[in-house]
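Reader: Could you walk me through the reasoning behind the labels used for this fold?

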Amino acid sequence: MEKLKQEIIKYGKKVVKEGLCISFFGNISVRSGNKVYITATGTILDDLDLDDIKECKIDSRECKGASSELKVHQMIYKKNSDIQAVLHTHSFYTLLLNEEDKERIMKYEFGEFIGDFTIVDGKSGSDELATRVSDCVNDYGLVIVRDHGVFSWGNSLKDAYIKISGLEYYSKLEFYKKISKGFI
Ligand SMILES: [Zn+2]
């Protein structure tokens, strides 16, 4: 259990260091059997300690102190038993993407690696958002929630992190390409 928590602590530092999230947005979880270990609400992602990670049941909404996005994480895990980790960031350049940009991003070599992704709408912490995001799990590599953030998943936090990090890189590249061509 402590090893799983240490993994969350490690990736909390990485996502902030890489600018994928500012310290107090975003949340991270890993699954272990029928339990989910998730960052607590209001935590500073690059300064987590073991007590900042809550142990929750995968089937219960009740989990004192857990992130308000717990339900999204739980529903993602329930949709695919291979998923062992979920990462949610507020990646700045990724949030500037629209559906047309997606076509260009997917043309990069890394598009194959990220897997297809989609953009959905939904209010943070709502059941509706949890349903919309988790409905994408088996068809996409990650989901952008418009004007909010990104959810990524994988067999490990490393898998989820690589996708989020790669998409942010290409989103930034697209942004500056548009500036250099005078589109912005
Ligand atoms: Zn968020």
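Author: Gladly; here is how the terms are applied to the helices and the sheet. This is a predicted model, in which local features need pLDDT of at least 70, side-chain atom pairs count only at pLDDT 80 or more, and totals for chains, interfaces and linings use all residues. Residues are numbered from 1 along each chain as its sequence is written.

Reader: Why is α3 called roughly perpendicular to α6?

Author: The axes of α3 (residues 99-107) and α6 (residues 157-180) come within 10 Å and cross at roughly 115°. Roughly perpendicular covers 65 to 115 degrees, so α3 takes that label relative to α6.

Reader: What makes up the contact of α3 with α6?

Author: D101, R104 and I105 in α3 meet Y170, S171 and E174 in α6; contact requires C-beta atoms, placed from the backbone, within 7 Å. These residues divide into two nonpolar, one polar and three charged.

Reader: Why do β3 and β5 count as edges?

Author: The open sheet of seven strands runs β3-β2-β1-β4-β7-β6-β5, with mixed pairing. Strands pair if DSSP finds at least two bridges between them; β3 (53-57) and β5 (117-120) each have a single partner strand, so one side of each is left without a neighbour in the sheet. The twist averages 20° from one strand to the next.

Reader: How do you know that β6 and β7 pair?

Author: β6 (residues 142-145) and β7 (residues 149-154) share four bridges in the antiparallel sense, against a required minimum of two. One of the residues involved is V143, whose bridge partner in β7 is F151.

Definitions and conventions
Axes are lines fitted to C-alpha atoms, for helices over the stretch in contact, and angles run from 0 to 180 degrees between N-to-C directions. Helices (H or I, at least four residues) and strands (E, at least two) are DSSP runs, numbered from the N terminus. Angles under 35 degrees count as roughly parallel, over 145 as roughly antiparallel, 65 to 115 as roughly perpendicular and the rest as oblique. Two residues are in contact if their C-beta atoms, placed from the backbone, lie within 7 Å. Ala, Val, Leu, Ile, Met, Phe, Trp, Tyr, Cys and Pro count as nonpolar, Asp, Glu, Lys and Arg as charged, and the others, Gly among them, as polar.
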